[in-house]
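Reader: I am new to this structure. Please pick one part, look at it closely, and explain each term as it comes up.

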Amino acid sequence: MNGPAEMLAADKASNALGIEPVELRDGYALLRMTVTELMINGHGIAHGGYVFLLADTAFACACNRAGSVTVAATAEIDFIKPAHEGDELVAEAVERTRFGRSGIYDITVRRGTEIVAEFRGRSRTLRS
């Protein structure tokens, strides 16, 4: 596999939602997505699944390097504040540690300076 930019370009789910890279490098990713009308749940706020997907995509971009295939082993999210239609969300993924074929990553989803969600992912490299 190529690097995270190529992986993201081939990601049909993320592309369908308009997720765009802002910055990609080994162990780090910054992505953005605008909440659309189709992402709104029955309470009139962004469905948590879309916020999770944005964070998970940033996680994938941060943990994959050129020549490797790395997937999520586990992930969890804490929803802090609701997002609304028209909000531009930014997900920042930061590698905390890599050990053997595993890694731990923290992803913060923000609307401007407000934190919308905190996500932690644990990765597993399948092959290099």
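Author: Start with Gly 44, which counts as partly exposed because its relative accessibility is 41%. Buried here means under 20% relative accessible area, exposed means over 50%, and partly exposed lies in between (1.4 Å probe, protein chains only). Gly 44 sits in the loop between S2 and H3. Helices (H or I, at least four residues) and strands (E, at least two) are DSSP runs, numbered from the N terminus.

The model is a predicted one, in which local features need pLDDT of at least 70 and side-chain atom pairs count only at pLDDT 80 or more, while totals for chains, interfaces and linings use all residues. Residues are numbered from 1 along each chain as its sequence is written, and side-chain values use heavy atoms, without hydrogens and water.

Gly 44 and Gly 67 are 23 residues apart in sequence, and their C-alpha atoms are 42 Å apart in space. For scale, the C-alpha trace of the protein spans about 45 × 25 × 25 Å along its principal axes.

Asn 41 lies in the loop between S2 and H3 as well. With a relative accessibility of 21%, Asn 41 is counted as partly exposed. Neighbours within four places in sequence aside, Asn 41 is in contact with Ala 46 and His 47, where contact means heavy atoms within 4.5 Å. Between Asn 41 and Ala 13 the C-alpha distance is 18 Å, with their positions 28 residues apart in sequence.

The loop leads from a strand to a helix, and the strand can be taken next. In S2, five of the seven residues are buried, so the strand is mostly covered. S2 (residues 28-34) is joined by seven bridges to S4 (residues 88-99), and the two run antiparallel. Two strands are said to pair if DSSP finds at least two bridges between them. Along S2 and S4, Thr 34 stands opposite Glu 88, and Leu 30 has Glu 92 as its bridge partner. S2 also pairs with S1 in the antiparallel sense, over five bridges. There the bridge partner of Leu 24 is Ala 29. The hairpin of S1 and S2 has two residues between the strands, and in it Gly 27 takes a positive phi near 80°.

These strands belong to an open sheet of six, in the order S1-S2-S4-S5-S6-S3, with antiparallel pairing. S1 (20-25) and S3 (69-79) are the edge strands; each has a single partner strand, so one side of each is left without a neighbour in the sheet. On average, neighbouring strands of the sheet are turned by 20° against each other, direction ignored.

On the other end of the loop is the helix. H3 (residues 48-63) packs on the sheet and touches S1, S2, S3, S4, S5 (102-111) and S6 (114-127); its direction makes about 150° with that of S2. Such axes are lines fitted to C-alpha atoms, for helices over the stretch in contact, and angles run from 0 to 180 degrees between N-to-C directions.

Val 51 is a residue of H3, and at 3% relative accessibility it counts as buried. Not counting residues up to four places away in sequence, Val 51 touches Ala 46, Ile 77, Phe 79, Leu 89, Val 109, Val 116 and Ala 117. Ala 46 is thus listed for Val 51 and for Asn 41.

On the sheet side, Ser 123 is found in S6. Its relative accessibility is 3%, so Ser 123 is counted as buried. Its contacts beyond four places in sequence include Phe 59, Cys 63, Thr 70 and Tyr 105.

Seen as a whole, the protein has three helices and six strands, in the pattern α-α-β-β-α-β-β-β-β along the sequence. Its radius of gyration is 14 Å, close to the 14 Å that the globule rule gives for 128 residues, so the protein is as compact as a globular protein of that length. That radius is taken over C-alpha atoms, and the rule is 2.2 Å times the number of residues to the power 0.38. Of the 128 residues, 39% count as buried.

Lastly, an unreviewed UniProt entry lists residues 43-114 as "domain: Thioesterase". UniProt positions follow the numbering used here, feature names are shortened, and annotations may be inferred rather than shown by experiment. The span of residues 43-114 is 22% helix and 47% strand, and its end C-alpha atoms lie 20 Å apart.
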